[in-house]
Amino acid sequence: MNVWNVFSLAGGLAMFIFGMNLMSDGLKLVAGSYLKKILEKLTQNRILGMLVGAGLTALIQSSNAMCVMVVGFVNAGVMQLERSVGILMGAKIGTTITGQLIAFDIGRVAPLIAFVGVAVTMFVKKQKAKNIGQIITSLGVLFIGLDTMKVAMSPLKDEPWFQDLLTQFSNPILCVLIGIIFTVIIQSASASVGVLQTLAVAGVMTNFSQMFYLMLGMNIGASVAPLLASIGGRKDAKRVAIIVALFESIGMVLFVVATQLFPGIFDLIQGTSTDPSRQIANANSLFNIITVLVLLPCATYLVKISKKIVPGEDVKEATSLFYIDESGYQSGTVLIGQIDKEVERMFKMVKTNIEASTKVYYGKMSITREEFDENEATIDFLNKAIVDSLIRANEMVLTEQEALHAGNLYHIVTDLERIGDHAENVLGYAAHLKEEKKQFTDKALKDLKQLSEAIYEIYDNALLYFKEQGEDLYHEIYDQENKIDKLVEKMRSRNVKRLSKSKCGASQGLYYNEILVDLERVGDHALNIANACGKYYIDDDDDDQEGN
């Protein structure tokens, strides 16, 4: 084996891994945000969750990606820890489809497949067709890479030093460790198993038991990605990653013990096919399917063990991100979901401050001034942190719908931050009145209470509309904003009359007018939030139109 074989091997491996990543990205673009919706709605039942996990992983061709997504969704509070176990186990079955696909030796037609995919990508204008073209291209590149590796590695079977090296790997645990290390390096169990299949087809490795134990290690190595993704996340996110590692490790121990006690298991697996590549693919499938069958009934105990390893509850500083973590930056779909949860958190904090700043006039302030200031500081922090995350999201692979939603979120968080500022202004006027030992008249406070309640209502509806758009709800928000404008005009007129009749002083009248300005702006920003969601729009002539 010469230096050119080494170069070909490196290039083939690069094309293979690139093809797999490209295919995974293309499949995620085609599946889009449906992944999140399916994972949210179809995982109540453990067995159904397992089937969903297997199906979605087979679709996106990456158990790492699926497990990282689950870590992200659990961290965002979108999915409960207990409901994630079935999906995680199913993901391990779904990823074995890649090995079965690789076992079909279509290296000869791979260049044609890549050509067709590139042609579709270049000459078809529709984005969905381009995404499908990307998938076809990646499939061709993947098999070209495999074929290149096979040719490059063929001379190794005649190299005495390499065969002597293989004889040193007779210890099953050593093989498992090598499999783990190799997968950690290339960050994909499917790619690792694919390389192993290529070695078998090229005749470089012929000892099936060695390859079997390497394959076990490669599966464990895949659990490193979720562990890394959970760093800095909530405790439940860390527990998800631990469950993945436990699943693979327990399965490995079971199969090492079983094959040591009953070596005939190797003959049974080899008997499933005469093709060495298919034998490894079948071994990988059987390992994951049997491990799932054994451990799925024990899912509750896996959760309990993970809670023993990571005890306690989350305690985070207010001025920190609760839901966005490293797992989000592995998947655009996950990151957008995490950002949504942070925006909802921002919504709630702003609402708390709006209520506190207005009720101080006609009722009892619902929180202390210190809590109010802490909320305001967190709102400002979230505004900047969410925008930073949105910038990073735009650099990732997003569906058209996700990219549009990310753009809308820029406007939404800006409006929320400004509402928070208006609440701060309103509370500030109360402090000035207290310093001057003055107060509003009963009629002025009655009007202020009516306006405040209208503000609470439009704000709550804006939050509902953010979560799920509906034409009727949008019309309600639009009408509420008009009513607020009219109510403010009436209150201004009454304020002027009170001033003219000397029922209140100039400073009270000035503060009252400033409060009206701030609360009217809150209504405007609530309507802006609804408009930013981008589904419906009403023009100045009140003609209903479907938005873009």
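1. Let's start with a helix pair. Helix 21 (residues 442–467) and helix 22 pack with their axes 10 Å apart, at an angle of about 160°. That angle makes helix 21 roughly antiparallel to helix 22, the cut-off for that label being over 145 degrees. The contact of helix 21 with helix 22 has 16 nonpolar, three polar and six charged residues by class. As for handedness, helix 21 and helix 22 make a left-handed crossing. Bear in mind while reading on that this is a predicted model.

2. Next, helix 20 (residues 400–435) against helix 23. Their axes come within 9 Å and cross at roughly 165°, which means that helix 20 runs roughly antiparallel to helix 23. Sorted by class, the residues of this contact of helix 20 with helix 23 are 13 nonpolar, eight polar and five charged. The crossing of helix 20 and helix 23 is left-handed.

3. If you want a residue to click on in helix 20, try Asn-425, which lies in that helix. Is Asn-425 buried or partly exposed? Asn-425 counts as partly exposed, at 33% relative accessibility. Its C-alpha atom is separated by 7.4 Å from that of Asp-518, although Asn-425 and Asp-518 are 93 residues apart along the chain.

4. On to the charged pairs. How many salt bridges does a search of the whole structure find? The search finds 10. One of the pairs to look up is Glu-248 with Lys-92, whose closest N and O atoms are 3.1 Å apart. Glu-248 sits in helix 14 (residues 235–261) and Lys-92 in helix 5 (residues 81–94), so this salt bridge ties together parts that are 156 residues apart in sequence.

5. Burial is worth a look for that pair. Glu-248 has a relative accessible area of 0% and is buried. Lys-92 counts as buried too, at 1% relative accessibility. Buried here needs a relative accessible area under 20%, so the values for Glu-248 and Lys-92 both meet the cut-off.

6. Back to helix 22, this time with helix 23. The side chains of Arg-492 and Glu-520 meet in a salt bridge, at 3.2 Å from N to O. Arg-492 belongs to helix 22 (residues 471–500) and Glu-520 to helix 23 (residues 506–532), so the pair ties together parts that are 28 residues apart in sequence. Glu-520 counts as buried, with 12% relative accessibility. There is a further partner here: Glu-489, Arg-492 and Glu-520 are joined into one network by salt bridges that share partners.

7. A salt bridge within one helix, for contrast. Arg-345 and Glu-342 meet through their side chains in a salt bridge, 3.1 Å from N to O. These two residues are three apart in helix 18 (residues 332–362), so about one helical turn separates Arg-345 from Glu-342. Arg-345 and Glu-342 are both buried.

8. Last, the cysteines. How many disulfides does a search of the whole structure find? Zero. A disulfide would be a covalent bond between the sulfur atoms of two cysteines, and the cut-off used is a pair of sulfur atoms within 2.5 Å. As for surroundings, Cys-298 is partly exposed, with a relative accessible area of 30%, whereas Cys-504 is buried, with a relative accessible area of 15%.

Terms used
Residues numbered from 1 in each chain as written. Predicted model: local features only at pLDDT ≥ 70, side-chain atom pairs only at ≥ 80, totals over all residues. Heavy atoms only, no water. Buried < 20%, exposed > 50% of the residue type's maximum accessible area, 1.4 Å probe, protein only. Salt bridge = Lys/Arg side-chain N within 4 Å of Asp/Glu carboxyl O. Helix = DSSP H or I, 4+ residues; strand = E, 2+ residues; numbered from the N terminus. Axes fitted to C-alpha atoms, helices over the stretch in contact; angles between N-to-C directions. Parallel < 35°, antiparallel > 145°, perpendicular 65-115°, else oblique. Left-handed = near helix turned anticlockwise from the far one by under 90°. Nonpolar A, V, L, I, M, F, W, Y, C, P; charged D, E, K, R; others polar.
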